[in-house]
Amino acid sequence: MSKSVSRRKFMQTAGTAAVVGMTSKSVFASNKKTLIIGVSCSPRKGKTTATAVKAALNAAKGVNPNIATEMIDLGGQSIAGWAPQQILDDFELILPSFQAPNLGGIIIGSPAYFRNMSSLCAAFLERLSVLRKPKLILANTSVGALSVGAYRNGGQELVIQQIHTAMLCHEAVIVGGKPGAFQGATLWNSHKDNILKDEFGIESAKKLGIRVAEATLRLADITK
Ligand SMILES: Cc1cc2nc3c(=O)[nH]c(=O)nc-3n(C[C@H](O)[C@H](O)[C@H](O)COP(=O)(O)O)c2cc1C
């Protein structure tokens, strides 16, 4: 059975379990929660983009106990862009996470670099193309994006749109955030890397996480 088919089956089973109110012995409780992965695409490990993605993930987790989260910080990792020959780099280490049968959502964050996504983000997205053939493994995965810039209007929304556009090629379901963050989360690094001081931005990250969680649960058939 292909991965995408088995994942769909899992989602259906999980949704049924939730609807009938199964608890301790449910599919979810047997360590098969719906997974939302956060990816920080800044070369600077643990800095503002990573903090924002973590805030989004924490908010997502708070939506429902059946959501599990995983944080992937690409800072310091070596990931080359797509090439015709096989590449052996750190992408191989993170690839299994995106092949997890219970993956339901992805939150991708990138710093704004000259009003574009970082080259690390572009490389990561290019390498994800391995999940497009022979089947679209990420189809119907909910995907939201965030961006951090040093300027209030530094191109964050453009970066978010670039990430959305790339993930549409997976037939992912693109989602924004709750009201006030409809496009996704936009953050302003105006306090020397202390992004928590950007209360509006952190709030938008939370709104993104909540919306991705809601969409992920919906796609898992829970609300039907
Ligand atoms: C090469 C480069 C280009 C940048 N271009 C922009 C930009 O176009 N707009 C902006 O708001 N900030 C820009 N910045 C600032 C970063 O987006 C900002 O510092 C961000 O918080 C970095 O994310 P990090 O803390 O996760 O590394 C740029 C930074 C670098 C290094």
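This is a quick tour of the ligand shell, the nonpolar core and a few unusual backbone spots in a predicted model.

Let's start with the ligand. It has 18 residues around it, and the closest are Ser 42, Thr 49, Pro 111, Gly 149 and Gly 154. Helix H2 (48-63) and strand S4 (142-149) each supply at least two residues of that shell. By class, the shell breaks down into 7 nonpolar, 7 polar and 4 charged residues.

On to the core. The largest nonpolar core counts 59 residues, and the ones with the most contacts inside it are Ile 36, Val 39, Ala 52, Ala 56, Ile 107, Phe 124 and Leu 146. H2 provides the largest share of this core, with 8 residues. Take Val 39: setting aside neighbours within four places in sequence, Val 39 is in contact with Val 53, Ile 72, Leu 74, Ile 106, Ile 108, Gly 109 and Phe 124.

Now for the backbone. Most residues other than glycine have a negative phi, and most peptide bonds are trans. Two non-glycine residues here have a positive phi, Glu 171 and Lys 192:

| Residue | Phi | Loop between |
|---|---|---|
| Glu 171 | about 60° | helix H5 (156-168) and strand S5 (173-174) |
| Lys 192 | near 50° | strand S6 (185-188) and helix H6 (199-219) |

Are these two buried or exposed? Glu 171 counts as exposed because it has 12 other C-beta atoms within 10 Å, and Lys 192 is exposed too, with 8 C-beta neighbours inside 10 Å.

Finally, there's a cis peptide bond from Lys 133 to Pro 134, with omega near 5°. Pro 134 sits in the loop between helix H4 (119-127) and S4.

Technical notes: Residues are numbered from 1 along each chain as its sequence is written. This is a predicted model: local features need pLDDT of at least 70, side-chain atom pairs count only at pLDDT 80 or more; totals for chains, interfaces and linings use all residues. A residue is near a molecule or strand if its C-beta atom, placed from the backbone, lies within 6 Å of it. Helices (H or I, at least four residues) and strands (E, at least two) are DSSP runs, numbered from the N terminus. Ala, Val, Leu, Ile, Met, Phe, Trp, Tyr, Cys and Pro count as nonpolar, Asp, Glu, Lys and Arg as charged, and the others, Gly among them, as polar. A nonpolar core is a set of buried Ala, Val, Leu, Ile, Met, Phe, Trp, Tyr and Cys residues joined through C-beta atoms within 7 Å. A residue is buried if 20 or more other C-beta atoms lie within 10 Å of its own, exposed if 12 or fewer, and partly exposed in between; C-beta atoms are placed from the backbone. Two residues are in contact if their C-beta atoms, placed from the backbone, lie within 7 Å.
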